[in-house]
Amino acid sequence: MLTAIPTPNPIFFELTPGKIVDLQIDYPVKVRMKAALVGYELGQYIILKHPAPQKMSNYSDVLVEGNGVVVRYLLEGQQGECYAFRSTIKNITKIPEKFIFLRYPDKIENRQLRTHQRFITHLPASIVTREDQNDKKVAQLKGIISDISAKGCGFVFKTDNAQIKVNPKDIFIIMRSPNDKEIFIPAKVCNSRFENGKVNVGIQFEEDDEQVKTLLNQLFIDL
């Protein structure tokens, strides 16, 4: 279910400059493109970086003043949410930078992406690819479980390298349960992103894993 959020909307501004948004334009042809947020003036306009500054002519038929646009973006949180709003193009600049100015939205809609609530935790853990689990020469990636549900969890580790990411693959999450027993939970990396000196990894558990059920029960988390 979509919920309308009237502006000004403080949740919206958790989307900081540099974050990527998805643009959908339906006239004169339907196109979708990615653009980076540059900034905004509350209640006035939103500024995006032109998606193809070296080839502006590629979008000259759709990126036109007055044309309607649907903007979508994701915000990670305890539930994970997708936000969207309708706007119109106010201006396209070429000097001093190639920017797109959008009319500030009247309302923003959001919907939760996860059907299972995630609970905030701070559990020390490591991850290792399944094929490397028995290879003593392969270092485990150490971090913490930042949130958890019956379906998956968030794994976070620190790094100074903004280029580091964890590719989608089958892994084991290695951790100690509340009764101090080491457990290996089979799972799959779905995505990862670098932000503020940390890499956040989205992990999906295997369906109906009994170890996960036991762990959640020991953490007093209701399924």
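What share of the chain's contacts with a separation of 6 or more comes from residues 24 or more positions apart? The points below begin there.

1. **Overall make-up.** This is a predicted model. Residues 24 or more positions apart account for 58% of the contacts in the chain with a separation of 6 or more. The secondary structure comprises one helix and 14 strands. The chain has 223 residues, and 39% of them are buried. It exposes about 13400 Å², with carbon and sulfur atoms supplying 50% of that area.

2. **The barrel.** Six strands form a closed barrel. The order is S9-S10-S11-S14-S13-S12, and the pairing is antiparallel. From one strand to the next, the twist averages 45°. S9 and S12 run antiparallel and are joined by five bridges. Within that pair, Ser-126 has Ile-174 in S12 as its bridge partner.

3. **The helix.** H1 packs on the sheet. It touches S10, S12, S13 and S14. The direction of H1 makes about 85° with that of S13. H1 spans residues 210–218.

4. **The largest nonpolar core.** This core holds 24 residues. Ile-173 and Ile-203 touch the most other members. At least two residues each come from S9 (119–129), S10, S11 (152–158), S12 (170–176), S13 (182–195), S14 (198–205) and H1. The barrel is built from S9, S10, S11, S14, S13 and S12, so the reader can trace the core strand by strand in the view, with H1 as a further contributor.

5. **Ile-203 in that core.** Leaving aside neighbours within four places in sequence, Ile-203 is in contact with Ile-173, Ile-171, Ile-127, Phe-155, Cys-153 and Ala-187, among others. Its contacts also include Arg-118, Lys-151, Gly-152 and Lys-188.

6. **A second core.** A separate core of 22 residues is also present. Its members include Val-21, Ile-46, Tyr-73 and Phe-85. Val-21 stands opposite Ala-35 in S3, which leads to the strands of the next point.

7. **Strand S2 and its partners.** S2 covers residues 20–25, and five of its six residues are buried, so the strand is largely enclosed by the rest of the structure. S2 pairs with S3 (residues 31–41) in the antiparallel sense, over six bridges. A hairpin joins the two through five residues. S2 also pairs with S5 (residues 68–75), again antiparallel, over three bridges. In that second pairing, Gln-24 stands opposite Val-70.

8. **Gln-24.** Is this residue of S2 buried or exposed? Its relative accessible area is 10%, so Gln-24 counts as buried. Its side chain makes a polar contact of 3.1 Å with that of Asp-26. Not counting residues up to four places away in sequence, Gln-24 touches Lys-30, Val-31 and Arg-32, and also Gly-68, Val-69, Val-70 and Arg-72. Gln-24 and Arg-72 are 48 residues apart along the chain, yet their C-alpha atoms are separated by 8.3 Å.

9. **Ser-146.** Ser-146 lies in S10 (residues 141–148). Its relative accessible area is 18%, so Ser-146 is buried under the 20% cut-off. Leaving aside neighbours within four places in sequence, Ser-146 is in contact with Phe-119, Ile-120 and Thr-121, and with Gly-154, Phe-155 and Val-156.

10. **Asp-147.** Asp-147 also lies in S10. At 12% relative accessibility, Asp-147 counts as buried too. A polar contact of 3.4 Å joins its side chain to that of Ser-146. Leaving aside neighbours within four places in sequence, Asp-147 is in contact with Arg-118, Phe-119, Ile-120, Thr-121, Cys-153 and Gly-154. Phe-119, Ile-120, Thr-121 and Gly-154 appear among the contacts of Ser-146 as well.

11. **Where to look.** Two sites repay a side-by-side view. In S10, take the side-chain contact between Ser-146 and Asp-147 at 3.4 Å. In S2, take Gln-24, with its side-chain contact to Asp-26 at 3.1 Å. For the cores, start from Ile-173 and Ile-203 in the core of 24 residues, then turn to Val-21 in the core of 22.

Key
Residues are numbered from 1 along each chain as its sequence is written. This is a predicted model: local features need pLDDT of at least 70, side-chain atom pairs count only at pLDDT 80 or more; totals for chains, interfaces and linings use all residues. Side-chain values use heavy atoms; hydrogens and water are left out. Helices (H or I, at least four residues) and strands (E, at least two) are DSSP runs, numbered from the N terminus. Buried means under 20% relative accessible area, exposed over 50%, partly exposed in between (1.4 Å probe, protein chains only). A polar contact is a pair of N or O atoms within 3.5 Å; within protein, one must be able to donate a hydrogen and the other to accept it, and residues adjacent in sequence count only if both atoms are side-chain atoms. Contact means heavy atoms within 4.5 Å. A nonpolar core is a set of buried Ala, Val, Leu, Ile, Met, Phe, Trp, Tyr and Cys residues joined through side-chain atoms within 4.5 Å. Two strands pair if DSSP finds at least two bridges between them. Axes are lines fitted to C-alpha atoms, for helices over the stretch in contact, and angles run from 0 to 180 degrees between N-to-C directions. Accessible areas come from the Shrake-Rupley method with a 1.4 Å probe; for residues, only the protein chains shown count as cover.
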